[in-house]
Amino acid sequence: MINNKKLRFRPKNYLKKRSKDSRVVRIKTETNKAGAFKKITIAFLIFIQIIALIALYTYFTTLSVWILLINFILSCFTCIYIISSKRNGLSKAVWIMFVLAFFAFGNLIYWLSDERYFFGKIKKRYKAVYDQAKNYNGNTENLDGASLSVQGDCNFLYSSGKFNAYRDSNIEYFSSGTLLFDDVLERIKKAKKFIFIEFFIVSDGVLFNRFFDVLSKKVSEGVDVRLIYDDMGSKGTLSHASKIKLKKAGIKIKAFNKFLPFFIVSMNYRDHRKIICVDGDTAYTGGSNLADEYINEKRMHGYWKDTGVKIEGKAVDGFTLMFLKQWEVIDGKREDYSPFINLYKKVQGKSVVVPYADGLDYEHDIGRGVYEKIIAGANKFVFIMTPYFIIDDGMTDLIVNKALSGVDVRLVLPDVPDKTYVYSVSRNNAEKLIDYGVKVYTVTNAFVHSKVVMSENCVSVGSVNMDLRSFYQQFECAVYTDDEKFMGQVLEDFERTFKSSVLLNDETKHTKSLFRRAWAGLMRLLAPLM
C-alpha cells in the first residue's frame with residue numbers, strides 16, 4: 001500500500017524552491033503536431049459546413065416575405081418548445097436568445113442539435129445492451145446502519161441508474177496522479193486474466209510507454225487487454241503510430257465516438273470516464289487521464305493537482321460492468337460478461353461503496369443529482385474541489401442556502417487555468433458566492449483537475465466536473481462512499497490543499513475589473529457548451 005504522505009501536496013513556494021528537483025519535471029514531452037493539425041483541419045471543415053448551411057437556409061428564407069414570416073413563426077414555436085423541454089434553465093435561456101436573435105436560421109440549428117434525432121439510434125443500442133446486462137447487476141446491499149442521508153443517496157443511485165450499494169469493499173484515496181499510476185502499474189504487472197482501461201485522454205509520452213511495456217508483456221502471457229479512448233479527447237495526443245503499435249502488440253483498442261469532419265451534434269458527446277479494472281478484484285477511477293501532465297512529467301499549467309481511487313472487493317464488479325457495457329456498445333458485438341464478474345477477493349468492510357456512471361445512456365442527470373444530494377444533506381461542512389465551476393441557478397441557490405445556514409462551504413479552484421475562457425466564467429461564478437459566506441480558494445501555481453465533493457456524511461470522487469458538460473453532455477463515472485478511513489484521507493488532502501492556496505476576498509477578486517466582468521458575462525452565454 002502506498003502512503004499518501006510520501007508525496008504530499010507542496011506549499012505555495014514549492015515550485016519556486018524546488019524547480020530543479022527531478023521529481024517535479026523529469027521530462028518535457030513533445031506535442032503530436034500531426035494530430036493537432038488534423039484536429040484543427042476537422043474543426044475548420046465543420047465550421048465551413050455550418051456557414052454554408054446557414055447561408056443556404058438564409059437565402060431561401062429571403063426569397064419571399066411569406067417564407068420569412070413563416071420562419072419567424074416557427075422560431076417562436078421553437079422557443080415555446082425549448083421552454084417546455086427538460087433542458088437546464090441556463091441552456092434554455094441561451095437557446096431562446098439565439099433562436100430569436102437569429103430567427104432566419106436559429107431554429108434550424110436548434111433542431112439539428114436535438115439529441116433525440118442525432119443520438120437516438122445510439123441510445124437504443126445502449127438500452128439494448130443494458131437490458132441484456134441486467135442479469136449481472138446483482139442486488140444492492142442492506143443499508144442498515146448507514147445514516148439516513150447516505151441511505152437516501154444510495155436509494156437515488158439505485159433508482160436512477162441501478163447502481164448497487166456494496167459492503168465488503170476496501171477503498172483507498174490517492175492525492176496525486178503520480179501515486180495513482182504508481183499503484184496501477186504495480187497491480188497490472190501481476191494481472192493474470194484481464195486488464196480493462198478506459199480514458200478520455202490517452203497521450204504519447206513517458207507514462208504511455210510505461211503502460212505499453214507492461215501491457216504488451218501481459219498480452220504475451222495470455223491476459224485479455226482492452227483499451228477505450230475518447231477520439232476527440234485523444235486527438236492530437238495519441239499518434240497513429242502508437243495506435244498501430246498497440247494493435248500489433250495484441251492490445252484491443254476502441255475509439256469512442258470517432259471525431260469526423262461533419263457537423264453532427266453527437267460529436268459533442270464524449271466519453272470522459274476514467275476506469276481501470278484488473279482481474280475483477282481491483283478497480284481504479286479518479287480525475288487523472290493517461291498522459292504525462294497528470295503525473296507532472298510534463299508541465300503545462302503549473303503543478304497538476306489530481307486524485308485517484310483504488311477499490312477492492314465486491315464493488316469492483318460495478319466498474320467492470322461499466323467498462324464491458326461501453327465496450328459492447330462501441331464494438332457492436334454481443335459480450336458474455338460471466339467470465340469477468342464475481343472474481344473479487346473477499347474483504348471485510350461495513351461501509352457503503354457505490355460505483356456509479358452518468359451519460360446520455362441514462363434518463364436522469366445522475367452526476368448532478370449525487371452532488372446535489374451530498375450538498376443538501378450536509379449540516380457541518382461541504383468541501384468541493386473542481387477545475388471548472390459552471391453550474392445552473394438551482395445548484396447555485398443550494399450552495400448559497402447551505403452557506404447562509406451556517407454550513408462551512410469551501411470551494412477549491414485552480415490558480416492557473418487550462419482554458420482561459422472557461423476559467424473566466426468559473427472564477428466569476430465562484431466569486432459571486434463569497435458575499436454569501438462561501439470560502440473560495442485558488443491553489444497557488446497549480447491547475448486543479450480533481451473532482452471531489454464531500455460533506456461530513458459522505459464523499460464522491462471521480463471524473464464528474466462541477467460544470468454543465470459533465471452534468472448533461474458527457475459520459476462520466478465516480479465512486480460514492482461513507483467509508484470513514486477513506487473520508488479521512490480525502491479530508492487530509494483538503495487541509496493540505498487549503499494551506500497551499502490563497503483564500504479569495506474583495507481585494508483578490510477578478511470581478512473588481514469591469515472588463516473581466518463583461519468578458520465573463522459574455523462567456524457565460526457559451527456555458528452550456530463549455
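1. Helices here are DSSP runs of H or I with at least four residues, numbered from the N terminus. With that in hand, helix 12 is a good place to begin in this predicted model. Helix 12 is followed by Gly332, and the phi of Gly332 is positive, near 80°.

2. Staying with helix 12, its 16 residues (316-331) should span 22 Å at 1.5 Å a residue, and the end C-alpha atoms are indeed 22 Å apart, so the two figures agree. As for its surroundings, 14 of those 16 residues are buried, which means that helix 12 is largely enclosed by the rest of the structure.

3. Now to the sheet, which you will find is open, with seven strands in the order 1-8-6-5-2-3-4 and mixed pairing. Strand 1 (169-174) and strand 4 (252-256) form its edges, each pairing on one side only. From one strand to the next, the twist averages 10°.

4. At one of those edges, strand 1 pairs with strand 8 (residues 308-313) in the antiparallel sense, over six bridges. Among the bridge partners, Gly308 in strand 8 is matched with Phe174.

5. Helix 10 (residues 206-220) packs on this sheet, where it touches strand 2 (194-199), strand 3 (224-230) and strand 5 (275-278). The direction of helix 10 makes about 145° with that of strand 2.

6. Helix 10 also packs with helix 11 (residues 240-248), at an angle of about 15° and with the axes 11 Å apart. Because angles under 35 degrees count as roughly parallel, helix 10 is roughly parallel to helix 11. The crossing is left-handed. If you would like to look at the contact itself, Phe208, Asn209 and Phe212 in helix 10 meet Ser242, Lys245 and Leu246 in helix 11.

7. Helix 14 (residues 393-404) deserves a look too. Its twelve residues reach 16 Å from the first C-alpha to the last, close to the 16 Å expected at 1.5 Å a residue. Gly406 follows helix 14 and has a positive phi, near 95°.

8. Which residues of helix 14 are buried? They are Met395, Leu398, Ile399, Val400, Lys402 and Ala403; do note that a lysine, Lys402, is on that list. The cover over the buried residues of helix 14 includes helix 13 (366-376), helix 15 (420-434) and helix 16 (468-472). Strands contribute as well, including strand 10 (381-385), strand 11 (389-390) and strand 12 (408-414).

Note on methods. Residues are numbered from 1 along each chain as its sequence is written. This is a predicted model: local features need pLDDT of at least 70, side-chain atom pairs count only at pLDDT 80 or more; totals for chains, interfaces and linings use all residues. Side-chain values use heavy atoms; hydrogens and water are left out. Helices (H or I, at least four residues) and strands (E, at least two) are DSSP runs, numbered from the N terminus. The expected span of a helix is 1.5 Å times one less than its number of residues. Buried means under 20% relative accessible area, exposed over 50%, partly exposed in between (1.4 Å probe, protein chains only). Contact means heavy atoms within 4.5 Å. Two strands pair if DSSP finds at least two bridges between them. Axes are lines fitted to C-alpha atoms, for helices over the stretch in contact, and angles run from 0 to 180 degrees between N-to-C directions. Angles under 35 degrees count as roughly parallel, over 145 as roughly antiparallel, 65 to 115 as roughly perpendicular and the rest as oblique. A crossing is left-handed if the near helix is turned anticlockwise from the far one by less than a right angle, and right-handed if clockwise.
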